[in-house]
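Trainee: I've got a new model open and I'd like to learn how to read it. Can we go through it together?

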Amino acid sequence: MGISVELVLLVMSVLFFLSMLAGKAGYKFGVPVLLLFLAVGMLSGSDGLGIEFENFEVAQTIGTIALCIILFSGGMDTKIADIRPVIPQGIVLATIGVLLTTFFTGMMIWLIFSVTESGISEGAGLLSALLLAAIMSSTDSASVFAILRSKGIHLKKNLRPLLELESGSNDPMAFMLTITLIGIIQSGGDTNYWLTGGKILMQLIIGGAAGFFLGKLAVRIINHIKIDNAAFYPILVLTSCIFIFSLTYFIQGNGYLAVYIGGLVIGNAKFIHKRSVMNFFDGLAWLSQILMFLTLGLLVNPHELIPVIIPGLIISLIMILITRPLSVFISLLPFRKMSFREKSFISWVGLRGAVPIIFAIIPLAEQVPHAQFIFNLVFFCTLVSLVVQGTTLTAFARWHKLADKPREYKKLEEFDLEFSDEIKTITTEIAVIGQTLSNGNRLMDIPLPDKTLVVMVKRNDKYFVPTGNTVLQEDDKLLIITDDQDALMETYRNMGIEDGLVKKQ
């Protein structure tokens, strides 16, 4: 008896809803959202609600597409002006750091399993240990910033853009190492290592160049093509994302690197309907993450993790306390201005995420020896990393004095307006509080700087254009436009508001 499409859609909708509820709880209590999504998937599997899903090929396809969209969206959200001061550090961490993490972790795993004479010490031995390490060598900082935002923590010393750059660009290196080691294992170790290293470097170069030039081409097409229906523009950008990834694959480049750089180029360029495109990809990226995490969670049955608890805990502690810090400190040796506390925090932010689990599916699809054991280990180590590191990031940042004090603010999003990038204006939304009316309750009584206008007021779900004689009330929402940043800051001060965010009373 076949399963109806309606039943599949019903189950998917329920799982998505449960995941969103879990994500809301994660923001409130500071638990990594990824961990909760995985938990929903695991609890819905054959050991829980009884949903059986064991198709690793389909899971790999879902993971590849989802990761492509997530990396592209991450690139679009990254501002080049923010990462420019830390580009050298980010590139070193994403390449040399990943390589060192793979080497140190692989060697220690090989030594441990050689002593215990179990698991991956059999068969390929050192190569399997290095493969396991390569799969787990990339980091996932998306959950990190979800936690920091939920707690109102702002990192100092350009740490946030550095971690964003590292997490967005280190997946390609980990992917290349994983694919390369699988090839070496399947060839029985009969491989020209210099040639292999050259291929890795070439794929990274081709991927980076393809992402840059195809991203430029996409921006040009978006701005010159005339589409009557504005709803097609987000779809056009999504098409560009898929095209960049797939074309780079066929020209022997690294598609993950290409799609991240392509997103970076497009997101920092000027193009029409940019705001709607950015909002579309923000939602699409979250949808991709939920789908990917649920799928990965369904693949694992909790009882299958029991045999890997001990080795998984050992490997997790080794990576958290030894190999990740060692790799970070060695990689950042040339950057003498970075303090010990900064490097220590970067080491602690080496969270494992969904990407290692996706990469762990590849050995299963390629029928690599001990692939199931490796997959279960990676999954368990990811859970440990999220629990141990994910739940302590806020405390760790404060302990190292790298976090500003949390501020309780309520952001306003009452006016859904879009301005062309060619219009050099600054807009903000402000709620009227008691201090705003201290000089009088009419709009003309508010000491607004020159070049600053209140163009619309929202009161009790109704909008109107004000005049100088308009009497304002507390909790009115004002849409303010100016073309000068200093004037905007002065407006905030005069109205008793800080940085465009209304202080909770």
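**Reading helix packing and cores**

Mentor: Let's start with a pair of helices: H6 passes H9 in a left-handed crossing. Keep in mind that this is a predicted model.

Trainee: At what angle do H6 and H9 pack?

Mentor: For a helix pair, look at the angle and the axis distance together. Helix H6 (residues 126–135) and helix H9 (residues 171–186) have axes 8 Å apart and an angle of about 160 degrees. Angles over 145 degrees count as roughly antiparallel, so H6 is roughly antiparallel to H9.

Trainee: Which residues meet there, and what classes are they?

Mentor: On the H6 side you'll find Leu127, Ser128, Leu130, Leu131, Ala134 and Ile135, and they meet Ala174, Leu177, Thr178, Leu181, Ile182, Ile184 and Ile185 in H9. Sorted by class, that contact has eleven nonpolar residues, two polar and no charged.

Trainee: Let's try another pair. How do the axes of H13 and H17 cross?

Mentor: Helix H13 (residues 274–299) and helix H17 (residues 354–365) have axes that come within 11 Å and cross at roughly 55 degrees. H13 and H17 are therefore oblique to each other. Their crossing is left-handed. Met292, Phe293, Leu296 and Leu299 in H13 meet Ala354, Ile357, Ile358 and Ile361 in H17. That contact is made of eight nonpolar residues, with no polar and no charged ones.

Trainee: Now for cores. Which residues touch the most other members of the largest nonpolar core?

Mentor: That core has 114 residues, and the ones touching the most other members are Met76, Leu296, Ile315, Phe345, Ile346, Phe359 and Phe375. Helix H18 (residues 371–388) gives the most to this core, with eleven residues. There's another core apart from it, of 13 residues, including Leu472, Leu478, Ile480 and Met495.

Trainee: What does Phe359 touch?

Mentor: Leaving out residues up to four places away in sequence, Phe359 touches Leu67, Ile135, Asp171, Ala174, Phe175, Thr178 and Tyr256. You've met some of those names already: Ile135 is in H6, and Ala174 and Thr178 are in H9.

Trainee: Is Arg160 buried, partly exposed or exposed?

Mentor: Check its relative accessibility. At 31%, Arg160 counts as partly exposed, because that class sits between 20% and 50%. Arg160 lies in helix H8 (residues 159–169). Its C-alpha is 9.8 Å from that of Ile346, although the two are 186 residues apart along the chain.

Trainee: And how many helices and strands are there overall?

Mentor: The protein has 20 helices and eight strands. Of its 505 residues, 51% count as buried. Among contacts between residues at least 6 apart in sequence, 81% join residues at least 24 apart.

Key. Residues are numbered from 1 along each chain as its sequence is written. This is a predicted model: local features need pLDDT of at least 70, side-chain atom pairs count only at pLDDT 80 or more; totals for chains, interfaces and linings use all residues. Side-chain values use heavy atoms; hydrogens and water are left out. Axes are lines fitted to C-alpha atoms, for helices over the stretch in contact, and angles run from 0 to 180 degrees between N-to-C directions. Helices (H or I, at least four residues) and strands (E, at least two) are DSSP runs, numbered from the N terminus. Angles under 35 degrees count as roughly parallel, over 145 as roughly antiparallel, 65 to 115 as roughly perpendicular and the rest as oblique. A crossing is left-handed if the near helix is turned anticlockwise from the far one by less than a right angle, and right-handed if clockwise. Contact means heavy atoms within 4.5 Å. Ala, Val, Leu, Ile, Met, Phe, Trp, Tyr, Cys and Pro count as nonpolar, Asp, Glu, Lys and Arg as charged, and the others, Gly among them, as polar. A nonpolar core is a set of buried Ala, Val, Leu, Ile, Met, Phe, Trp, Tyr and Cys residues joined through side-chain atoms within 4.5 Å. Buried means under 20% relative accessible area, exposed over 50%, partly exposed in between (1.4 Å probe, protein chains only).
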